[in-house]
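This report goes through one molecular structure in parts. Look at the sequence and the 3D view before reading on.

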Amino acid sequence: MRVIIEKNADAVAVRAACFVAELIRRKPACVLGLPTGGTPLGLYRQLIRLHREEGLDFSQVTTFNLDEYVGLEATHPQSYRYFMQENLFRHVNLDPAKTHVPDGLSLDFESSCEKYEQMIRAAGGIDLQVLGIGSDGHIAFNEPGSSLGSRTRVKSLTGETIRDNARFFGSEDQVPRLAITMGVATILDSRRCLLLATGPGKASAVRSAIEGPVTAQVTASALQLHRDVIAVLDEDAGGWLTRRECYAEFERAQRLLETGQWRELGIGKQ
Ligand code: PGA
């Protein structure tokens, strides 16, 4: 796992946008996996800026969102479809037919979840899955105890997540109790994962996910099993990591490699 620690949340957004934009430029018909929440807002603002100022072209991009609350209409201000519409989709030239969010209204959970998995497969799989992390270490709505082999399904939210998300609804009792979410194994099928975390409230979860044991109690820790994960953190969220020096050293080497500074890497000195 690459661990990149940036100064603050704005720098995390800029760095994350570079990875997304690089993919879109290299593979215009790519498939993006997208999260909602407070964390990706800066990334979405950067992508909108790149679209407006640099012509970043989303016309062939397909998107799949990680999750959706059960029972909320797409027009409900707290539905994730609405969130995506307001914070990204309507500001860039994405084809609406290529944007997918799990169907929170179908009560035939089994078939709507299977259909979502099929649509991801039919699109060729997710090239880049962007992820936030919950303060309890969850990814998407894969709460502690979720099987690491899980696929898209309906889940009940834990008290901690309901409390965390109550800020968006006004009170805890308005937060839906169920969500449809991609499973941990669905996420691990993505070709690359980009994990974003900002703020001191994420420091403990980030440490468990990156440096702790792989466990279903911290579903983000399953990312340690993935071959291509990049974690972009701000200093607060990365503050509890014990191997920060090593991560910084690796990033220095990565930069030298990308810019062809072979001698600085000790190549060709013999
Ligand atoms: P947040 O949520 O970005 O609003 O902190 C992250 C998550 O729960 O996955």
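The sections below cover the bound ligand and then the strands.

## The model

The structure is a predicted model. The values quoted in the sections below are computed.

## Where the ligand sits

The ligand is found in the largest pocket. Around the ligand are Gly37, Gly38, Thr39, Gly132, Ile133, Gly134, His138, Arg167 and Lys202. Sorted by class, this shell consists of six polar residues, two charged residues and one nonpolar residue.

## Polar contacts of the ligand

Several residues of the shell place polar atoms close enough to the ligand to count as polar contacts, for which the cut-off is 3.5 Å. In Gly38 the contact is made by the backbone: a polar backbone atom is 2.8 Å from an oxygen atom of the ligand. In Thr39 a polar side-chain atom is involved, at 2.5 Å from a ligand oxygen. Arg167 also uses its side chain, where an N or O atom is 3.1 Å from an oxygen atom of the ligand. How much of the ligand's surface does the protein bury? On its own the ligand exposes 280 Å², and the protein buries 81% of that.

## The seven-stranded sheet

Seven strands make up an open sheet with parallel pairing, and their order is β1-β10-β9-β6-β2-β3-β5. Strands β1 (2-6) and β5 (99-100) are at the edges; each has a single partner strand, so one side of each has no neighbour in the sheet.

At one of these edges, β5 pairs with strand β3 (residues 62-65) in the parallel sense, over two bridges. Within this pairing, Phe64 is opposite His100 in β5. When looking at such strands, it helps to know that side chains in a regular strand alternate between the two faces of the sheet.

## The antiparallel strands

Strand β8 (residues 178-181) pairs with strand β4 (residues 67-69) in the antiparallel sense, and three bridges connect them. Which residue of β8 stands opposite Glu68? The residue facing Glu68 is Ile180.

Strand β8 also pairs with strand β7 (residues 153-156); these two run antiparallel and are joined by four bridges. Here Lys155 stands opposite Ala179 of β8. Strand β8 thus has antiparallel pairings with β4 and with β7.

Note on methods. Residues are numbered from 1 along each chain as its sequence is written. This is a predicted model: local features need pLDDT of at least 70, side-chain atom pairs count only at pLDDT 80 or more; totals for chains, interfaces and linings use all residues. Side-chain values use heavy atoms; hydrogens and water are left out. A residue is near a molecule or strand if one of its heavy atoms lies within 4 Å of it. A polar contact is a pair of N or O atoms within 3.5 Å; within protein, one must be able to donate a hydrogen and the other to accept it, and residues adjacent in sequence count only if both atoms are side-chain atoms. Accessible areas come from the Shrake-Rupley method with a 1.4 Å probe; for residues, only the protein chains shown count as cover. On a 1 Å grid over the protein atoms alone, a cavity is a set of points where a 1.4 Å probe fits but cannot get out, and a pocket is an open set with protein on both sides within 12 Å along at least five of seven lines; lining residues have an atom within 4 Å of a point. A molecule sits in a cavity or pocket if more than half of its atoms lie within 2 Å of its grid points. Ala, Val, Leu, Ile, Met, Phe, Trp, Tyr, Cys and Pro count as nonpolar, Asp, Glu, Lys and Arg as charged, and the others, Gly among them, as polar. Two strands pair if DSSP finds at least two bridges between them.
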